Every structure is written in structure tokens, then in C-alpha cells.
Amino acid sequence: MLIAPGRAQRPDQFEMDGWMSHGPDDCPFCEGKEGMTPPELDADRPDGSPPDGPGWKTRVVPNLYPALIPAEDAEAAGKAETEAGAFASAADPLLASSRSAEPDMFASRPAIGHHDVIVNSPRHVSSIGQLYPAELEVAVAAWRRRMIARADLPYVQLILNEGPDSGASLEHSHAQIGASPFVPAAIARERERFNSYRERTAGASLLGEVLREEIRRGDRLVAIDDEVALICPWASRFPYEMRIIPRRPEARFEEGQGGAAMLGRAIAGLNALFGQQPQLNLWVKTAPRGVEHFHWHLDLVPRLEPGSSFEMATGVDINVISPEKAAAGLREAMS
Ligand SMILES: [Zn+2]
């Protein structure tokens, strides 16, 4: 990736588009509108209220427009499509498909898995930045519980999109979990880097060592508490990209405890820096199923500018704000 601070002088830099709230009308994620979603998969109901009614703190429902679908649904869809003469097979949706007659270069298979939505609050908030600290703790705990519930699949990806430019299609703040039948390539590469570093250093954690050095240098360190550190990563791909790293190596985010308080502080820092609630992309990288040596991290990126053809063509990102400058700005905004 390229750091190109001169390009930040361009006139349209970082006039973050305001995003108008549509409000709670017809919002399927608001308390009292439970009938507008499919039946809930899970909910945090401290008062013991029955499912699919009010009384919850967080609520999990299947995504109505899933990117990954359960095997039984895929089988049913395959049956229908086979009857209609289409490509999927009812017999074994993973292996048998009339598409398997195509050459290997066009290989495909059904996307078997789960795509869950975790509604972060019964209140109509458009950002986790609008949650009180105790509410954010409850939401992050729900993310973890749901990841554990899907841990039978090879990889569980937690994401959060907030704001119309982030990919969010519904305004009410919600996280999503994609549990997939494969380990995505980026995660597999990261696991390999952890493994090879561990072998070379007789057992050290790559991200643990990176964090130790970041704390020693301090110029990309934004904040630190007893559990986690917040840094702007070396070679950040995006302006004001931030990473929350547990101070003691933990393979799985979902089995850890920390991070919610620092996440709240990070978003408050962006809010102070830009004078408004930032649009956000957030994701967690955690150990795939069966992997012991990993070090989870939570990454968040304020949505400031879309990529251009250069990034699409080359895979090389151009970042106009160095992580050192971003960290300095965030430290000041958070103080
Ligand atoms: Zn709502």
C-alpha cells in the first residue's frame, strides 16, 4: 500500500457526508416490531420475557437476504432448482451439481453456512457510538455469544456496517455474523503468518511482538487499558484505521472479555475528530475452528472515501493520512 499525504490537500478531503436519520418508522429492528422479522434465534431477555416480543436487550435473527444459507435450505432450494432444470443438485449440494460438468476454471459450490443479524439495542440508534457504555458492553457480549453458537463451522466472521456508504441497508445499529464452510483466504494467510513467526521464534506471538514494539515506540499507539491496546496499524490501508489488540495473546475474540470499553472510546474519538457520528466498517479476525495459535484483533475504519480504479486494478491501497498522524489526531481528540 502507499501512504500519500500530499493527496490530503485535495479540496474535497474528508468532508464527511452527513447521514440523515430516517427514524424508527417501519424499522423491523425496533422493540415492539418483532413481528416484522423472522423468529428470533436468540435474545438477551433479563426479564425472562417470551421470544418475539418486547423486553430484550439484544436480539438475533436470521438475515432475510443471506449471503450464506443453511444446508437444509440449500437442499430445498436445490430440489426446486433441479426440478426447474437449473444447476444445483438435491442429492449433495456441496459436491454434486450439474455445474460440476464445467471446466475447473469456473468451479463453484453452494454457499452453505449461516448469516445472522444481531440487533445491538432495542432503541433506534444508528451507531454503536450512540450506545451508553453499559449498553455497548451488552452488545459486544451478544456478538461473542453468537460467534460461539456458530463455532461448529470452519470460520465465523463478525462484521458491523454503519452508515449508508458502509454497506448498511438498515439504519438501526446491528452486527452480522457470516459462518462459512471454508476459511477465507485473508484469514488463512494471517494464520500462516502467525505459524511461521511462531516457528522461527520458538513460540512467540507475531501480533504480541508487534504490540510490544508499538507500545515502546508510542507514535501509533492511541490508547491502552488493562485489557487491550488501540493502535493505528503500521501501513494502514485507510485513513484513521484503528485496531484493538488484546494485551495478552488470546486466539479467539469470542472467548475473550475485553475490548468493548476501548471500542466506545475509539468511536467517541472519531466523533470528536470529525464533529459527527462517523460511518463505520468494523470487523473481527479470530482463530478459525481448530486453530490454537492466533491473536484476535478488532479493526475499525471510518468510511471517509471510496477506493478508486487504482486500488481495484492493483490491489494497492492509497492512504492519504499516515497512521502516525492519525494516531496523534486521535490521541488529541480522545484526551
Ligand atoms: Zn429501529
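**View 1. Helices α5 and α7 sit roughly perpendicular to each other.** In this predicted model, the axes of α5 and helix α7 (residues 323-334) come within 8 Å and cross at roughly 95 degrees. That angle is why the pair counts as roughly perpendicular: the label covers 65 to 115 degrees, with under 35 being roughly parallel, over 145 roughly antiparallel and the rest oblique. Axes here are lines fitted to C-alpha atoms, for helices over the stretch in contact, and angles run from 0 to 180 degrees between N-to-C directions. On the α5 side, look for Arg265, Ala268, Gly269, Ala272 and Leu273; α7 brings Gly329, Leu330, Ala333 and Met334 to the contact. Contact means C-beta atoms, placed from the backbone, that lie within 7 Å. By class, that gives 6 nonpolar, 2 polar and 1 charged residues; Ala, Val, Leu, Ile, Met, Phe, Trp, Tyr, Cys and Pro count as nonpolar, Asp, Glu, Lys and Arg as charged, and the others, Gly among them, as polar.

Residue numbers start from 1 along each chain as its sequence is written. Because the model is predicted, local features need pLDDT of at least 70 and side-chain atom pairs count only at pLDDT 80 or more, while totals for chains, interfaces and linings use all residues.

**View 2. α2 meets α5 at an oblique angle.** Helix α2 (residues 133-149) packs on helix α5 (residues 260-274) at about 125 degrees, with the axes 9 Å apart. Their crossing is right-handed, meaning the near helix is turned clockwise from the far one by less than a right angle (anticlockwise would be left-handed). Pro133, Leu136, Glu137 and Val140 of α2 touch Ala260, Ala261, Leu263 and Gly264 of α5. Those residues split into 6 nonpolar, 1 polar and 1 charged.

**View 3. An open sheet of 10 strands, with antiparallel pairing.** Going across, the order is β2-β3-β4-β6-β5-β10-β11-β9-β8-β7. β2 (42-44) and β7 (221-224) are the edge strands, each pairing on one side only. On average, neighbouring strands are turned by 20 degrees against each other, direction ignored. Helices (H or I, at least four residues) and strands (E, at least two) are DSSP runs numbered from the N terminus, and two strands pair if DSSP finds at least two bridges between them.

**View 4. Zooming in on strand pairs, starting with the β7-β8 hairpin.** Just 3 residues lie between β7 and β8, and 3 bridges join β7 to strand β8 (residues 228-231). Ala223 has Leu230 as its bridge partner in β8, and Leu230 also stands opposite Ile244 in β9. β8 and strand β9 (residues 242-246) run antiparallel, joined by 4 bridges. Elsewhere, β10 (residues 280-285) and β11 (residues 297-302) pair antiparallel over 6 bridges, with Leu282 partnered by Leu300 of β11.

**View 5. A stretch to treat with care: residues 80-93.** Mean pLDDT (the predictor's confidence in each residue, from 0 to 100) is 89 for the protein, and 88% of its residues reach 70 or more. Over residues 80-93, though, pLDDT is below 50, and this stretch has 28 contacts in the model beyond near neighbours in sequence. Where pLDDT is low, the predicted coordinates should not be read in detail.

Conventions: Contact = placed C-beta atoms within 7 Å.
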